[in-house]
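Biologist: I'd like to learn how the labels people attach to a protein model are justified. Could you show me one and walk me through the reasoning?

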Amino acid sequence: MKECEICQGSEFKDIVAQERMYDTGDIFNYIECESCQALFLTDIPADLGKYYPSNYYSFGSFNRSNALLALLKKLRYEAFCRGLSFHSPVYYDWLSPLSLNPKSKIADIGCGNGQLLAEMAYSGFKQLNGYDPFVKAAFSSKNFSIYKKDFFEIDQKFDLVMFHHSFEHLPSPVEVFKKLVTILNPEGQVLIRVPVTDAQVWKEEHTYWFQLDAPRHLFIPNTKSMEILGERFGLELFNTTFDSMDSQFWGTALYKKGKPLVGTEIHQEFSRQELTEFRNKALQYNKLKIGDQACFYYKKKAQ
Ligand SMILES: [Zn+2]
C-alpha cells in the first residue's frame with residue numbers, strides 16, 4: 001500500500017504478527033498508518049478459510065423462546081424504552097443511542113446463527129434481516145429473514161445497518177462504506193462495533209493484543225479512521241462509545257504465556273479475583289476511551 005486507503009497518509013510502520021487463537025504459529029504482516037493509525041493486513045492469505053475452522057463459530061440454529069418468555073422479553077424491552085431497566089440484555093445498550101421503532105427495517109451484517117435478530121424480534125422489531133455468507137442455509141420467519149449472502153450482494157435499503165464485529169473481517173473499509181451509503185434509506189443509521197487501535201493494550205502489549213487476531217482481522221481502525229470514513233461518505237458520526245470487555249486482559253495475558261485461546265480453560269488460568277479485576281478494569285478503560293473496542297453510530301446526512 002503506497003497510500004492509506006482511509007486517510008491517504010503515506011507513512012507506515014511495519015508490524016509482524018503471529019496467528020495465536022489456534023497457535024498455528026503462522027506469521028503475517030500488517031502496516032499501521034502513521035496518520036490515522038489504522039492497521040491493514042498486507043498479505044491476506046489466499047486460503048483464509050483455513051483460519052476459520054469449524055469450531056470458530058456456532059452456526060447451529062438460534063435458541064427459541066417459548067411464548068411466555070417471548071412475551072416477557074417484549075415487555076422488558078418496552079419497559080427499557082420507558083426508562084425502566086431490569087436484567088437488561090447487553091444489546092439494549094448498543095441500541096439505545098439509535099432512533100428506532102418496531103417497523104424500522106434493520107440489517108445485521110455477519111449475523112451468524114441470527115440469535116441477536118431473534119432476540120430483537122422478541123423485543124417487538126418486525127423487519128429484521130441478517131446477512132452471512134457462511135450460514136448453512138437461508139431462513140425466514142414472520143419477523144425476520146436470514147440470507148446466505150455476502151455484504152456486497154445486498155440489494156435492499158434499510159433504516160439501520162449493524163456490524164457486530166464483522167466490519168474488520170471484510171476486505172476493505174473504503175469499499176464497505178461505498179456500498180453502505182447505497183443501502184441506507186434517507187436518514188438511515190449505522191452501528192459499527194469494531195476493535196480499535198486506541199486500545200491501551202495495543203500500545204502496551206503490541207502484537208500480543210488479543211483482538212489483533214491475525215489473520216482473521218483484515219484491518220483495524222482507530223477512532224480517527226472512523227471519523228474520516230464518515231466524513232468522506234456523508235455519514236454523520238453522532239456517537240462513539242467504548243464497550244471493551246475483560247477478554248482484552250485475559251486474552252492478551254494468555255497469548256503472552258504462549259497459550260492459544262482455543263483449548264485453554266480460562267478459569268484454570270486466572271483466579272476469580274483476577275477475572276473480577278479484569279472486568280472492573282475494562283469498565284474503567286471504557287470511560288477513559290482506551291478500551292480495545294468501540295461502537296460507532298452514524299446517520300446518513302440529508303442531501
Ligand atoms: Zn490512514
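Biologist: At what angle do the axes of helix α4 and helix α6 cross?

Modeller: Keep in mind that this is a predicted model. In it, the axes of α4 (residues 173-180) and α6 (residues 223-232) come within 10 Å and cross at roughly 40 degrees.

Biologist: What makes α4 oblique to α6?

Modeller: Angles under 35 degrees count as roughly parallel, and roughly perpendicular runs from 65 to 115. The crossing is at roughly 40 degrees, and that makes α4 oblique to α6. As for handedness, α4 passes α6 in a right-handed crossing.

Biologist: Which residues of α4 and α6 meet?

Modeller: On the α4 side they are Pro173, Val174 and Phe177, and on the α6 side Leu229, Gly230 and Arg232. Sorted by class, this contact has 4 nonpolar, 1 polar and 1 charged residues. The polar class includes Gly, and the charged class includes Arg.

Biologist: How do you know that α4 is mostly covered?

Modeller: Of its 8 residues, 6 are buried. They are Pro173, Val174, Val176, Phe177, Lys179 and Leu180.

Biologist: What makes Ile183 buried?

Modeller: Buried means under 20% relative accessible area. Ile183 has 2%, so Ile183 is buried. You will find Ile183 in the loop between α4 and β9 (184-195). Leaving out residues up to four places away in sequence, Ile183 touches Phe151, Ile154, Gln156, Lys157, Phe158 and Val161.

Biologist: How far apart in space are Ile183 and Phe219?

Modeller: They are 22 Å apart, C-alpha to C-alpha, and 36 residues apart in sequence.

Biologist: Let's turn to aromatic rings. Why is the pair of Phe80 and Tyr92 called tilted?

Modeller: The structure holds 23 aromatic pairs. In this one, the rings of Phe80 and Tyr92 are 4.8 Å centre to centre, with 50 degrees between the planes. Planes under 30 degrees apart count as stacked and over 60 as edge-to-face, with the rest called tilted. At 50 degrees, the pair is tilted.

Biologist: Which parts does the pair of Phe80 and Tyr92 tie together?

Modeller: Phe80 lies in helix α1 (residues 67-81) and Tyr92 in helix α2 (residues 90-95), so the pair ties together parts that are 12 residues apart in sequence.

Biologist: Are Phe80 and Tyr92 buried or exposed?

Modeller: The cut-off for buried is under 20% relative accessible area. Phe80 has 19%, so Phe80 is buried. Tyr92 has 0%, so Tyr92 is buried.

Biologist: What makes the pair of Phe249 and Tyr285 edge-to-face?

Modeller: Here the centres are 5.2 Å apart, with 85 degrees between the planes. Edge-to-face applies over 60 degrees, and the 85 degrees of this pair fits that label. The pair links distant parts of the chain, with Phe249 in helix α7 (residues 247-256) and Tyr285 in helix α9 (residues 272-288), 36 residues apart. Both Phe249 and Tyr285 are buried.

Biologist: Why are α7 and α9 called oblique to each other?

Modeller: Their axes come within 8 Å and cross at roughly 120 degrees. Roughly perpendicular covers 65 to 115, and roughly antiparallel begins over 145. The angle between α7 and α9 is in neither range, and they are therefore oblique to each other. In this contact, Gln248, Phe249 and Trp250 of α7 meet Leu275, Phe278, Lys281, Ala282 and Tyr285 of α9. By class, that contact has 6 nonpolar, 1 polar and 1 charged residues.

Biologist: Now the backbone. What is special about phi at His165?

Modeller: Most residues other than glycine have a negative phi. His165 has a positive phi of about 60 degrees although it is not a glycine. His165 is in the loop between β8 (158-164) and α4, and its relative accessible area of 18% makes it buried.

Biologist: Why does Lys289 count as partly exposed?

Modeller: Partly exposed sits between the buried limit of 20% and the exposed limit of 50%. Lys289 has 45% relative accessibility, so Lys289 counts as partly exposed. Lys289 is in the loop between α9 and β12 (293-300), and has a positive phi of about 60 degrees.

Conventions:
Residues numbered from 1 in each chain as written. Predicted model: local features only at pLDDT ≥ 70, side-chain atom pairs only at ≥ 80, totals over all residues. Heavy atoms only, no water. Axes fitted to C-alpha atoms, helices over the stretch in contact; angles between N-to-C directions. Helix = DSSP H or I, 4+ residues; strand = E, 2+ residues; numbered from the N terminus. Left-handed = near helix turned anticlockwise from the far one by under 90°. Contact = heavy atoms within 4.5 Å. Phe/Tyr/Trp six-rings, centres within 6.5 Å; stacked < 30°, edge-to-face > 60°. Buried < 20%, exposed > 50% of the residue type's maximum accessible area, 1.4 Å probe, protein only.
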